[in-house]
Structures are given as C-alpha cells and as structure tokens.
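Please find below my comments on the model under review. They are set out as numbered points, beginning with the interior of the fold.

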Amino acid sequence: MNKGTHFSGQPMYGQLINLLNKEEILKFSREHNGERYVKRFDAYQHMAIMLYAVIRKFDTLREITDSMFPEARKLAHLGIRTMPRRSTLSDANARRPEAVFEATYRSLYARYKDELSSDIRKRRMPAWFNRLQIIDSTTISLFSNLIFKGVGRHPKTGKKKGSIKVHTNIHANEFVPSDIKFTSAATNGSFMLKPANYNDGDIIAMDRAYIDYARFEELTNRGVTYVTKIKKNLVYDTLSDTMYMLPCGLMECRVQVVEFRKHIKGGENIKHKARIVTYVDPAKKKAKVISLLTNDMTMEVEDIIDIYRQRWEIELLLKQLKQKFPLKYFYGESANAIKIQIWVTLIANLLLMVIKKRIKPSWSFSENHAHVLCELLYFP
C-alpha cells in the first residue's frame, strides 16, 4: 500500500478543472455571444482544452490535437464530450470573444482572492504589507506588427516586430494579478495609475515609468501612498535637505522634501509636494545609490525602502508566467486568439496558486506545475 501523503485522493488536474464553474463559463459566453452558431464545441470545452494546452506548454494547435485525440474517449469526466479538430479549435480562438475568458478570470479571482491572501502574522510581515499594491507591465512579442504595434526596430532588418503589453496590478499578499489590461507595446502604462481605483490607506509601489505629477497629486488627496524610483531629469524645488551619517562617516541616507510644478495647457498649474529618499543599496555587488520618490512624509525611511523592494514580487510573477507557460508561440494570428491564450495562462496560474495554498505540507509553484504536467503526460 502506498503510504505517501502527497499523491492521495483526486488527481491534481481533476482538482484544477473542478475549480472552474461550468455553468458560469457558459453564462459568460452567452452574454458575449460566444455560443452563437456553436453546435458542440462550447466555451467550457474550449477552456478545458486550452488549459490542458498551456499547462503542457504546447506550441501549436497540431500538438494539442495530436496529443488529445488518442485519449478522446476518456475525456468525458472533464466535460469534453467532443474532441475538436485543429480547424475547429483555430476557429474558436478566432471567433469566441476573449471577453469570455476575461470574465472567467475576474470571477475566479473574486472567488478565491481571500484564499490566496497570505497571513502577515505567519510571514512576519509589517502592518502595511496587506495594504500594498504593485503595478508593472511586461511585453510579449513574436507576431505581426499589424496586430499590435511594437516598439524599436530589429538591428539588422530595421523592421518592427509586433508586441502586446500586459499591464498588471497585484496585491502584495496574493501573488496573482488583481487587474489586467492589454495594449500594444507602444502604449505607455501610466493609464493604469487611476486614483479612482484606490482607496484611502492604500500603498502603491511602481517603477519610474508611471511618474505623473497630476495623478500623484490626486492620489495624495485621496489618502493613497505611492513609492517609486525617481527619474534623473526631474525638476523640483528643494524645501528641506537632511543627511544621515553612519558612525564611520559614510552616508546612511538622505531625505529631501521637494515640490514639483507642472503647467497644464488651458488649466491650472499643478504643485505636488513629495519626499525623496536616497540610500546605498547593500544588496548590490557594487555600491549603488538609489533615490525613491514618495508622498508619505512620516513613514520611517526603512519602511519606504522595504515597500519599494516588495515591487520585485510582480517581477517574479511575470517571470513565472513566461517560464512556466507557452508565451513564445501563439495558437492563432489574430488579436483575439493571442488574448485568449494569455487569459488562459493567467487562469492556469491562478488555479495552480489555489491548489498550492490547499496542499499540506505546502509545495512550491514549480512542484505543483510539475506534478500536474506529469499527470498530463500520461493523460488521463
């Protein structure tokens, strides 16, 4: 008898599929006209097959169908009544609105976000950690510039390659995106920094690409704290400047209170008061001076620095998505097919994170992914 505790009960891929709500997916599809003219291959079957594909890291539609056809009669327990041909799956990716998959992701996030939230007492995190949100984006390329406008040019051919930019917002204690937007790579991501999306007491960490004085002033008026890395070319008036020294005579940190001014055409001049915290990063092999910008005037310097360091949580998430799922090649050449594949990747990531939270003792994300993949290699 197998006395192991990790592999008992229902297979993990079955647990993954059971986290989905079939009726809800079909409801979203009907609301977005995704079931129009559909005879057999409905949105739920579409979702189940796409999840199978992204977890197996298939690069083409032919790989998907060739892998699943030999086991077609054994897929009924997953709700897949009919195994679609390659052309059927291609048409579904082109025609079924990506809004169906977006609605599914947002519903799953709303359902499981409390389960995904970590307990700051167990992780020994500071009180501000649960209030911290992080904004960033990642660029995915490999398709025609006619679909999504790219940036830059190939150094040899001089041609642009199409790219889609995935803008993400995460709560630091959840490690899954709470909000996602897709644009072409040429679009600046500052539109994600909407003051109306945040509440009094929230903290936002971001990189310097999101610096916008007008929005920073709105955030301040709403009671929202931001922390970002400062740009080198910013112009400001210094109101106060304090240097803190170590006993050895080296700088520990420098704190400046500054005021930014910006004139808006046809509007009033904007004045924004902020604090610049400059310190030497000890994590770097070579001493590197880093300057952070924040609208918080009272928080300890160590907390400001720690908040910005937490921004790397989103970098780890984006790296995880690119390494564990197939985002190098796409199952269709249309914008709709590309977005569907990214939404399904996000859904797979969320479901695997839920399973990771439920497993005792806890596994890493890679171990969860590897175990599901192992099951699918001999699927079902």
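1. The largest cavity of this predicted model has a lining made up of Thr138, Ile140, Val166, Thr168, Leu318, Leu321, Lys322, Leu327, Ile342, Thr345 and Leu346. Two or more of the lining residues come from each of strand S1 (132-143), S2, helix H10 (312-324) and H11. The space enclosed is about 80 Å³. When the whole structure is searched, one cavity of 30 Å³ or more is found.

2. Threonine 168, one of the lining residues, belongs to strand S2, which spans residues 162-171. Is threonine 168 buried or exposed? Its relative accessibility is 1%, and threonine 168 therefore counts as buried. Beyond four places in sequence, the contacts of threonine 168 include Ile134, Ile135 and Asp136. Pro177, Asp179, Ile180 and Met192 are also among them, as are Ile314 and Leu318. Of these contacts, Leu318 is itself listed in the cavity lining.

3. Helix H11 covers residues 335-358 and contains valine 344. Valine 344 has a relative accessible area of 0% and is buried. Once neighbours within four places in sequence are set aside, the residues in contact with valine 344 are Met47, Met50, Leu51, Val54 and Phe101. A pair distance illustrates how the chain returns on itself here: the C-alpha atoms of valine 344 and isoleucine 55 are 9.7 Å apart, although 289 residues separate the two in sequence.

4. Phenylalanine 41 sits in the loop that connects helix H2 (22-31) with helix H3 (43-56). Despite the loop position, phenylalanine 41 is buried, at 9% relative accessible area. Its contacts outside the four nearest places in sequence are His46, Ile49, Pro84, Thr88, Leu89, Ala92 and Arg96. For one of these partners, alanine 92, the C-alpha to C-alpha distance from phenylalanine 41 is 8.3 Å, across 51 residues of sequence.

5. Which residues of helix H4 (residues 61-68) are buried? They are Leu61, Ile64, Thr65 and Met68. Viewed down the axis of H4, these buried residues lie within an arc of 85 degrees, so they line one face of the helix. The elements that cover the buried residues of H4 include H3 and helix H5 (86-95).

6. Strands S6 to S9 deserve to be read together. Strand S6 (residues 237-245) is joined to S7 by eight bridges, and the two run antiparallel. Within that pairing, threonine 242 has valine 255 of S7 as its bridge partner. S6 and S7 make a hairpin with five residues between them, and glycine 249 in the turn has a positive phi of about 100 degrees.

7. Strand S7 (residues 251-263) also pairs with strand S8 (residues 269-281), in the antiparallel sense and over eleven bridges. Two positions fix the register of this pairing: valine 257 is partnered by arginine 275 of S8, and glutamine 256 stands opposite isoleucine 276 of S8. S8 in turn is joined to strand S9 (residues 288-294) by seven bridges, again antiparallel. Aspartate 281 is found opposite lysine 288 of S9.

8. For the chain as a whole, the model has twelve helices and nine strands. Of its 380 residues, 50% are buried. Among contacts between residues at least 6 apart in sequence, 61% join residues at least 24 apart.

9. Confidence requires a separate comment. The mean pLDDT of the chain is 81, with 80% of the residues at 70 or more. Over residues 4-9 the pLDDT stays under 50, and the model gives this stretch four contacts beyond four places in sequence. Residues 375-380 likewise have a pLDDT below 50, and this stretch has 16 contacts beyond near neighbours in sequence. Where pLDDT is low, predicted coordinates should not be read in detail. That caution applies to residues 4-9 and to residues 375-380, including the contacts that the model shows for them.

Conventions. Residues numbered from 1 in each chain as written. Predicted model: local features only at pLDDT ≥ 70, side-chain atom pairs only at ≥ 80, totals over all residues. Heavy atoms only, no water. pLDDT = per-residue confidence, 0-100. Contact = heavy atoms within 4.5 Å. Helix = DSSP H or I, 4+ residues; strand = E, 2+ residues; numbered from the N terminus. Buried < 20%, exposed > 50% of the residue type's maximum accessible area, 1.4 Å probe, protein only. Arc of directions from axis to C-beta. Pairing = 2+ DSSP bridges. 1 Å grid on protein atoms, 1.4 Å probe; cavity = no way out; pocket = protein on both sides within 12 Å on 5 of 7 lines; lining within 4 Å. Points joined across faces, edges and corners; volume = space filled by probe spheres on them.
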